[in-house]
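The following exercises concern the fold of one chain, one of its helices and an interface between chains. Each task is followed by a worked solution.

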Amino acid sequence: MWGYYVVLAWRSSARSKALTALVIVLLGFGVSACMVSYAVFRATTSDPLPGKSSRLYVPLIDNVGPSYNYLGEPNDTLSYIDAMALWRAHKASRQTLLYPTQWQVESDNPSVPAMTETGDAVTADFFSMFDLPFRFGSGWTANDDAQHATVAVISQHLNEALFGGKNSVGQEIRLDGQLFRIGGVLEDWNPRPRFFDVGDDVRPFDDVGDIYIPFTRATDMKKDSTFSTCPTDSQAFDESKWDAYLHSECDRIVAWVELATPADVDRYREYLRHYAVEQQRLGRFSWPPNIRLRNLPDWLAYMQVTPRASSLSMLVSASFLLIVLVNVVGLMLARFMRRAPEIGVRRALGASRAAIYRQFLIEAVTMGFVGGLLGVALTLLGVWGAGGLFEPDIARLVHADTSLIALTVLLAIAATVVSALYPTWRAAQTQPAWQIKIN
Amino acid sequence: MALGKAFMQLRPIVAALGRHKVATALIVLQVALTLAVASNALFIVATRIVHLSRPTSTDEAHLFVVRNGWKLGQNAAQIDANIRADLETLRHVAGVRDAFSSQGFPLGGFKDDIILRLKLKPDQKAHGQLVTYFASDEHAIDTLGVSLVAGRNFRPDEITASGPNSKMSPASIIVTRSLADQLFPDGSALGKTVYLPDGPAAIIGILSSLQGPLKQSERLDRYTVLVPTHYLDPAGVVYLVRTDSTAMKPVIAAALKALQERGGVRILDPRKGIVSMAQVRESAYAEDRSVALLMSILSGLLLLATAGGIVGLSSFWVSQRRKQIGIRRSLGATTGDILGYFHAENFLIVSGGIALGALLAFVANLSLMHVYELPRMPLYVPVLGALLLWALGQLAVWGPARYAAKVPPVVAIRTE
């Protein structure tokens with residue numbers, strides 16, 4: 001039956017070539033516009049730590065109050081005072097403090113000139129919380145944190161530049177003139193988006209840095225974060241007044257805690273509130289507790305990491321597909337109504353209404369399939385040309401795979417079938433006697 | 001007379017449409033959605049293009065930027081000497097017209113040390129006026145290629161030294177016209193004293209215009225101040241260099257080579273360390289350009305799809321009504337009457353769509369305003385969109401209508 005109906009569809013298409021071509025071209029463009037936007041959208045909204053992201057939380061405490069915060073939201077980072085308080089309280093199964101910074105890197109290799117590299121000051125749990133893959137060695141221990149150890153974890157990329165890619169664990173490098181022992185070398189690790197230290201100066205689709213050293217040691221070295229927010233100018237970074245800066249209300253530290261169960265989350269939130277109440281009682285905060293505890297997906301949504309170009313084009317291309325569908329409904333209606341005499345004859349020869357439904361829905365599936373093939377071609381073209389359409393750091397994330405291609409064809413077929421429902425129903429209502437009599 | 005005739009025609013058209021309710025409703029819906037989506041998308045394109053085509057007011061075609069890092073362990077005096085030596089070197093590179101050192105550059109983006117607050121009185125309680133600034137010297141105006149509309153340039157003896165860890169208290173500053181008018185609306189800014197966080201400064205010159213390091217806001221971006229200081233940041237310095245010709249490549253290469261001859265003091269990435277102002281502009285506005293391009297392409301496709309739909313459905317209607325057309329023709333209707341009928345019908349349907357679509361367009365704009373910080377859409381945008389759709393509808397129906405007008409009267413008495 002399938003085959004026969006496909007042949008019928010083919011014949012009727014041959015009779016109204018222009019109309020058929022119009023439907024297929026519309027479908028192709030509508031579906032491919034959606035799929036190109038979707039390819040970008042899925043790349044920019046992907047979960048950087050699937051399966052784990054809902055257990056990782058960012059705590060925030062408003063330490064500047066309603067006169068300095070933005071629309072009542074606490075700043076995106078913590079002050080050193082609050083970060084250290086959370087750290088010492090250790091109310092989560094795993095926790096890390098971190099901030100992005102940069103170093104001047106020198107090695108004993110005279111052929112490599114001094115260079116400036118970025119990275120993060122982190123604590124020991126960082127590596128296990130975010131599942132960092134190691135090629136050589138490992139991260140450091142909580143004891144190293146406590147000892148302010150001069151140990152570093154470097155990226156494979158930096159290892160390549162400094163040590164020719166060989167196992168460099170135990171070797172030494174100089175960061176800002178200070179000797180560090182290499183404790184581990186990472187495999188390629190480049191989470192998208194760069195969720196863990198995203199901020200003013202770190203854009204969500206930047207490559208991650210190349211160097212990680214203990215937070216405590218970086219603080220000893222008076223390393224400032226690449227972004228810090230101070231309530232007043234007078235508190236801003238001044239190396240000669242490091243201690244005052246450290247204990248000012250400047251916000252610059254990101255904290256992450258791992259909380260396994262909803263009860264843990266409630267307990268942690270309660271702890272944060274209690275802490276803020278305590279600070280209010282001590283007179284440091286003159287406002288009621290204003291705290292936040294967001295998990296990774298909520299945090300990314302709050303930080304608006306999805307680029308505007310990506311979500312806007314998704315929205316507009318979805319509208320485009322909707323308009324195409326309305327269009328296709330009209331064109332299918334024209335196509336099917338034109339064949340009222342044929343339907344009349346088939347019904348008179350004994351075809352049931354169900355058979356008419358089957359015939360026209362199969363016709364729709366066939367057209368959808370052809371439209372889908374055109375859509376795949378246009379989608380591939382769009383993905384290939386993404387470099388000209390999107391910003392370079394987003395365009396390079398976009399790729400076509402089998403799931404995208406399969407989805408394109410499925411979407412085209414589903415869209416055509418949905419738009420054919422009403423025209424098919426109208427076709428099935430055709431009165432056989434009337435159609436035969438009229439001519 | 002003609003109007004009355006057209007009006008007389010409307011009744012049978014409406015009556016005929018009544019018998020094709022679904023098809024009519026589909027076109028109305030399609031036109032409405034097209035108007036709503038296309039006017040919002042094109043409005044976004046217009047705002048993006050206005051945004052990204054704002055000039056920095058510098059001589060962009062002849063400017064390049066050197067982002068030079070300092071090796072650690074150099075004190076302020078050493079860095080000051082480095083900067084002086086580097087500027088001397090750069091100004092003598094063949095093809096270089098002028099150069100100066102700063103801590104930022106136009107469209108360079110946000111850093112902690114580009115923002116200042118200016119107060120009008122030393123004891124002013126309120127926050128001062130938020131501005132952005134460039135550390136400058138007497139070569140800054142010539143290097144940037146901006147024009148001084150009042151007052152004078154800095155003198156060499158006015159150039160101070162400052163840095164992230166020391167106070168910045170210049171005796172004089174130069175401001176842009178927009179900032180001067182914002183601070184002193186009566187136009188008396190020249191010669192007035194304003195207060196920087198670390199002390200007073202007199203406004204000695206006014207620039208016609210100059211964009212600061214930011215590109216987000218129409219106003220703050222133009223509130224730019226030149227501060228006569230060598231900014232001695234142990235992390236690094238920015239050199240702005242103006243060339244004589246637009247062929248910058250050889251000059252950039254020569255400048256890089258000249259700087260690297262004294263390479264022991266600096267960290268200068270040969271690939272990312274030197275960028276032309278054109279590259280700076282391109283990367284600063286990459287997102288805006290991408291949004292504008294995407295929205296234009298999608299709007300174009302949208303309008304084409306709608307036109308295609310109108311052609312398709314109109315042809316179908318014509319083919320269905322061959323018999324009626326034949327009867328009208330044999331009763332004396334001219335080909336012009338038939339053409340007019342289909343054009344009037346299309347106009348009527350599209351008008352219905354436009355009425356609904358204008359409403360949808362404003363609803364969509366209101367919700368987009370919340371999500372994407374868009375301004376309110378002015379009335380002329382959907383009006384232009386409506387004119388476009390009317391024209392598109394008339395154009396799309398032209399082919400089918402002409403085909404209809406060719407139906408010979410004899411069809412009326414022929415059975416097919």
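## Exercise 1: Overall form of chain A

Determine what share of the contacts in chain A between residues at least 6 apart in sequence joins residues at least 24 apart, and compare the radius of gyration with that of a compact globule.

Solution. The model is a predicted one. Step 1: for contacts in chain A between residues at least 6 apart in sequence, the share joining residues at least 24 apart is 77%. Step 2: chain A has a radius of gyration of 31 Å, whereas a compact globule of 439 residues would have one near 22 Å. Step 3: the C-alpha trace spans about 100 × 60 × 35 Å along its principal axes. Step 4: 46% of the 439 residues of chain A count as buried.

## Exercise 2: Helix α16 of chain A

Establish the span of α16(A), where it bends and what covers its buried residues.

Solution. Step 1: α16(A) comprises 27 residues, 402–428, and reaches 37 Å from first to last C-alpha, close to the expected 39 Å. Step 2: a bend of about 40° lies at L421(A), with the proline P423(A) following within four residues. Step 3: P423(A) is also among the buried residues of the helix, which include T408(A), L411(A) and A415(A). Step 4: the cover over these buried residues includes α2, α11, α12 and α13 of chain A.

## Exercise 3: The interface

Identify which element of chain B gives the most to the side that touches chain A.

Solution. Step 1: 39 residues of chain B contact 43 residues of chain A. Step 2: α2 and α8 of chain B each give two or more residues to that side. Step 3: α8(B) gives the most, with 17 residues. Step 4: this side of chain B divides into 25 nonpolar, 11 polar and 3 charged residues.

Definitions and conventions: Residues numbered from 1 in each chain as written. Chains lettered and ligands numbered in written order. Predicted model: local features only at pLDDT ≥ 70, side-chain atom pairs only at ≥ 80, totals over all residues. Contact = placed C-beta atoms within 7 Å. Nonpolar A, V, L, I, M, F, W, Y, C, P; charged D, E, K, R; others polar. Expected span 1.5 Å × (residues − 1). Bend = angle between axes of the 7 residues up to and from the residue. Buried ≥ 20, exposed ≤ 12 C-beta atoms within 10 Å, placed from the backbone. Rg over C-alpha atoms; globule rule 2.2 N^0.38 Å.
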